[in-house]
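Subject: A structure for you to look through

Hi,

Here is the structure I said I would pass on. Have it open while you read, and turn it around as you go.

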Amino acid sequence: MENKQLIKINLPGGVASAGDFYEMLIIAQNAGATQVRFGNRQQLYFELDEARLEDLEFDMLSAGIDHEANQDAYPNITSSYIADGIFNQENWLKEGVYKDIFDLFDYQPELKINLVDSNQTFAPFFTGNLNFICSPVSNYWYLYIRFPKTNILYCWPVLIYSDDIPAVGKAIQQVIFANKARFYDQAEINPEELYQLVIASHQFVIQEIDQPLVIPEFQLPYYEGFNKQGNKYWLGIYRRNELFDIEFLKEICNLCMQTRVGQLYISPWKSLLVKNIEAKHRPLWGNLLNKYRVNVRHASNELNWQVEDICSSCLELKQQLVSEFEEADLRTYGLSFAIKRSPKSGIYGSVMIRSRMPDEFEIVHTRDFNHNTREFVVYKQSVPKADLSKHLIALCDMFYEQQCNNRLPLQVGTSNNDIKSTNQKTVHQCKSCFTIYDELYGDLLNAIEPGIPFESLNNYECPTCGSEKENFAEVMYVVE
């Protein structure tokens, strides 16, 4: 059997013209691919046989399409462009601003860059290394830096002008890579030092920050089916197995070009959106969905999931849990879920299911259940696969009870007079990314057997962010 090659094409900002996207599909199809899928960072993936790789490389070069085979050296620039006009409130950030910024990138970033509208929650805020978030001041952005391979988040002390975003990103990337011992994969970092090094050799248009960023309460909009957009419509298409047939997508591109719909949008939830559909053309789109038997009305508790890219076991687990949620008639509004097997994958969610051992999982949630925050609280450890839905349902009940009573969730490392000491347990937690080491379970990723005390570990590194043993602190969490 031929070795499969995974091809990735970045779609900057998650947007592509119908004509360009059609050309990508033709090249993929000529190389033997029949289906494509989208990634969490709004990129395009497809597989082909190794013997067809040389022909693909020639076609890509001829078309001027950048791509990578079996690697991700250049992460896609993600954005909330897809939300403009349908999932956000009115403000100065319009499609023209996004386009102008994308056009100014004269390099392929090696750091993850996000461009996000602060008035929406459809696209994530902090999953990049350089997270530009629009401010209330027209054409100025907050910048939050998440240093590579850490969970250290730093707010740039001034606002960045729109046209300077590519240059600022390039300058920061150069300084970080030139000083990895200070800013890359480090347990402790002095962010102010990075700021001083960047401004010492560059001048950018800036504004003072006169009000802090306000992160909106998370609400995932329903992003499927036909929906009103003023006097027009938009169409969202989600595929349960994440696979889109190339023939189906080619017909979408052709219909876009026939009806003067200029662009296609890829969402961070691995779905496809088409905007600005004229009312008179809606029957044409309905016929196309009929032809390919495409369902566009899945349950909301299936749409609010993130799983790792190209991970069949994650997708299988998601489908199992969604089925069990459906059977329980579970409400999940206001929550998002993520399944994480690779320690350093960048997926996000207000509830995270992390693989710790084969078919054994850890359930954590963000400190306030907002999926745009990055600090996690341990809820359950050593959960067998068969028991995951039971504990997740109980966690959902806890979330809604707290919503009704306007109470904060129990915090890791905090005390509560109502909790008896017999229900608390001491573990060691990474101060950078909040990963837990519990000697009861050991650390399979670091080949540490269960029962090994933390104090006896030599040269231990966090399996998530790589921090050294000295970066771990003792914390208490509640057990049943």
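Below is what I found in it, going from the whole chain down to single residues.

**The whole chain**

Keep in mind that this is a predicted model. The protein chain averages a pLDDT of 90, and 92% of the residues score at least 70. One stretch needs care: over residues 407–424 the pLDDT stays under 50, and the model has 28 contacts there beyond four places in sequence.

The protein chain contains eleven helices and 25 strands. Its C-alpha atoms fill a box of roughly 70 × 60 × 50 Å along the principal axes. What radius of gyration would a compact globule with 480 residues have? The answer is near 23 Å, and the protein chain has 23 Å, so the two agree. Of the 480 residues, 55% are buried. If you take contacts between residues at least 6 apart in sequence, 66% of them join residues at least 24 apart.

**Two helices to start with**

Find helix H1, residues 18–30. H1 has 13 residues and reaches 18 Å from its first C-alpha to its last, close to the 18 Å expected at 1.5 Å a residue. Which residues of H1 are buried? They are Ala18, Phe21, Met24, Leu25, Ile27 and Ala28. To read a list like that, it helps to know that an α-helix has 3.6 residues a turn, so residues three or four places apart point the same way. Just after H1 comes Gly32, with a positive phi of about 100°.

Now go to helix H7, residues 246–258. Its 13 residues should span 18 Å at 1.5 Å a residue, and the end C-alpha atoms are 18 Å apart, so that agrees. The buried residues of H7 are Ile246, Phe248, Leu249, Lys250, Ile252, Cys253, Leu255 and Cys256. Yes, there is a lysine in that buried list: Lys250. After H7 comes Arg260, which has a positive phi near 60°.

**Positive phi elsewhere**

Most residues other than glycine have a negative phi, and most peptide bonds are trans. That makes the next two worth a look. Asn276 is not a glycine, yet has a positive phi of about 60°. You will find Asn276 in strand S17, residues 272–278, and it is partly exposed at 34% relative accessibility. Arg293 is also a residue other than glycine, with a positive phi near 55°. Arg293 sits in the loop between helix H8 (282–291) and helix H9 (300–303). Is Arg293 buried or exposed? At 68% relative accessibility, Arg293 counts as exposed.

**Aromatic rings**

There are 31 aromatic pairs in the structure. Take Phe105 and Tyr107: their ring centres are 5.6 Å apart with 45° between the planes, which makes the pair tilted. Both rings belong to buried residues, with Phe105 at 13% relative accessible area and Tyr107 at 15%.

Compare that with Trp305 and Phe337. Why is this pair called stacked? The ring centres are 5.0 Å apart and the planes are at 20°, and planes under 30 degrees apart count as stacked. The pair links distant parts of the chain: Trp305 is in strand S18 (residues 305–307) and Phe337 in strand S19 (residues 337–340), 32 residues apart. Trp305 is buried at 4% relative accessible area, and Phe337 is buried at 0%.

Ring pairs also build a cluster out of Phe87, Phe122, Tyr223, Trp234, Trp269 and Tyr348. Elsewhere you can see arginines over ring faces. Arg282 lies over the face of Tyr233, 4.8 Å from the ring centre, and Arg354 lies over the face of Phe376, at 5.9 Å.

**One residue to finish on**

Go back to strand S18 and pick out Gln306. Gln306 is buried, with a relative accessible area of 1%. Which residues is Gln306 in contact with, leaving aside its neighbours within four places in sequence? They are Asn40, Pro268, Trp269, Phe337, Ala338, Ile339, Ile347 and Tyr348. You have met some of these names already: Phe337 is in the stacked pair, while Trp269 and Tyr348 belong to the ring cluster.

Happy exploring!

Note on methods
Residues numbered from 1 in each chain as written. Predicted model: local features only at pLDDT ≥ 70, side-chain atom pairs only at ≥ 80, totals over all residues. Heavy atoms only, no water. Phe/Tyr/Trp six-rings, centres within 6.5 Å; stacked < 30°, edge-to-face > 60°. Buried < 20%, exposed > 50% of the residue type's maximum accessible area, 1.4 Å probe, protein only. Helix = DSSP H or I, 4+ residues; strand = E, 2+ residues; numbered from the N terminus. Lys NZ or Arg CZ within 6 Å of the ring centre and 35° of its normal. Expected span 1.5 Å × (residues − 1). pLDDT = per-residue confidence, 0-100. Contact = heavy atoms within 4.5 Å. Rg over C-alpha atoms; globule rule 2.2 N^0.38 Å.
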